[in-house]
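Subject: Structure handover

Dear colleague,

I am passing on the structure we discussed. Please open it alongside this message, and then read the notes underneath.

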Amino acid sequence: MPKCALPFIAALLGLATCQAEDIPLMRIADIYENTPPHASVIQIRGSVVSGASVRSDRPPRYTVRDDTGGIMLKNFSTTPCEVGDLICATGRVSNLNPGTPWFVTRSLAVIGHEDPTKPIPADPARLARGEYNFLPVTLAGVITEVMSDDVGREYAWFVLDILDTKTPIAVRVTPSELAELETLIDAKVSITGLASPDHNFRRFSRPYVNIRSVDSIRILEPPRTDPFSAEEFRFASTDF
């Protein structure tokens, strides 16, 4: 039997296990189009496309995709998973942020494994329309602004002006590494991260890119030592 067939057979067997209980199995796209009531228990099946969050005071968070879309998953079960795992999860949908539901697990089973999705060179216009949501992407541009999150300063944000198009894209770093990011203002960089849907951060109301740390930033051209020598002078902050 070809080795490549094993994950699919495992997935089919896992799908049967998922449906053994009298709990509906929902496609992720259907969750967005018709969010079930808050207390309803459902099941989802998909592939883990981003790893666990790094905060130890919260349950692990993953991003899961099926062939219709992706969703953020809070794993309250005792079963760990990793990028590339095919999973079947039982739980409920939390819709505290309208339009961006979360899936909160009650139980989770790993039913197979496949090669992780390779990062996609992203077109900024398609990224802004949400076409890459919950997919790993790469982008290149110039860091023009750095700031902390609105509440709790859990994250750091920076604005990436995409090369050629000058389209500004918001990028979130987990955890906050504000001081190190400030040294990269006006640097030309390449980033690899997860395209994410609209966030309720006041500065941004459209899809953004989430990166796990500054290690996901590759410097293509360091910032100028004399900022006034740049063709276009940019302020590091708009807070005066």
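What follows is a summary of what was found, starting with the whole chain and then moving to its parts.

Overall

Please keep in mind that this is a predicted model. The chain has 240 residues, and 45% of them are buried. Its secondary structure consists of four helices and 12 strands. Where contacts link residues at least 6 apart in sequence, 58% of them join residues at least 24 apart. The chain exposes about 12,900 Å², with 54% of that area supplied by carbon and sulfur atoms.

The barrel and strand β2

Five strands form a closed barrel in the order β1-β2-β3-β5-β4, and the pairing in it is mixed. On average, neighbouring strands of this sheet are turned by 50° against each other, ignoring direction.

Strand β2 covers residues 61–66 and has partners on both sides in that order. With strand β1 (residues 42–50), β2 runs antiparallel and is joined by three bridges. With strand β3 (residues 69–74), β2 also pairs in the antiparallel sense, here over six bridges. The link between β2 and β3 is a hairpin with two residues between the strands.

Thr-63 is a useful residue for finding your way around this part. Ser-50 stands opposite Thr-63 in β2, and Thr-63 in turn stands opposite Met-72 in β3.

Is β2 mostly covered or mostly open? It is mostly covered, since five of its six residues are buried. Arg-61, which sits in β2, has a relative accessible area of 18%. The cut-off for a buried residue is under 20%, so Arg-61 counts as buried. Arg-61 also lies 9.7 Å from Phe-103, C-alpha to C-alpha, although 42 residues separate the two in sequence.

The nonpolar cores

Which residues touch the most other members of the largest nonpolar core? This core has 25 residues, and the ones in question are Leu-139, Phe-158, Leu-160, Leu-181, Ile-191, Val-209 and Ile-217. At least two residues of the core come from each of the strands β7 (136–148), β8 (156–162), β9 (168–173), β10 (188–196) and β11 (208–211).

Phe-158 can serve as an example of how the parts meet. Leaving out residues up to four places away in sequence, Phe-158 touches Ile-143, Glu-145, Val-146, Ile-169, Ala-170, Val-171, Val-173, Leu-181, Ile-191, Ile-211 and Ile-217. Another core, of 16 residues, lies apart from the one described above; Met-26, Val-48, Val-64 and Leu-73 are among its members.

Salt bridges

A search of the whole structure finds four salt bridges. Three of them are described here in turn.

- Asp-30 and Arg-27: their side chains meet at 3.1 Å, N to O. Asp-30 has a relative accessibility of 24% and counts as partly exposed. Arg-27 is likewise in the partly exposed class, at 44%.

- Arg-129 and Glu-131: their side chains meet at 2.8 Å, N to O. Arg-129 counts as exposed, because its relative accessibility is 56% and the cut-off for exposed is over 50%. Glu-131, at 39%, counts as partly exposed.

- Lys-188 and Glu-221: the closest N and O atoms are 3.6 Å apart. Lys-188 lies in strand β10 and Glu-221 in strand β12 (residues 217–221), so this pair ties together parts that are 33 residues apart in sequence. Lys-188 is partly exposed, with a relative accessible area of 28%. Glu-221 is partly exposed too, at 38% relative accessibility.

Some of the salt bridges share partners, and in this way Arg-126, Arg-129 and Glu-131 are joined into one network.

Where to look

If you want a short route through the model, begin with the closed barrel of five strands and follow β2 into the hairpin it forms with β3. Then turn to Phe-158 in the largest nonpolar core. Finish with the pair Lys-188 and Glu-221, which form a salt bridge.

Kind regards

Note on methods:
Residues are numbered from 1 along each chain as its sequence is written. This is a predicted model: local features need pLDDT of at least 70, side-chain atom pairs count only at pLDDT 80 or more; totals for chains, interfaces and linings use all residues. Side-chain values use heavy atoms; hydrogens and water are left out. A nonpolar core is a set of buried Ala, Val, Leu, Ile, Met, Phe, Trp, Tyr and Cys residues joined through side-chain atoms within 4.5 Å. Buried means under 20% relative accessible area, exposed over 50%, partly exposed in between (1.4 Å probe, protein chains only). Contact means heavy atoms within 4.5 Å. Accessible areas come from the Shrake-Rupley method with a 1.4 Å probe; for residues, only the protein chains shown count as cover. Two strands pair if DSSP finds at least two bridges between them. Axes are lines fitted to C-alpha atoms, for helices over the stretch in contact, and angles run from 0 to 180 degrees between N-to-C directions.
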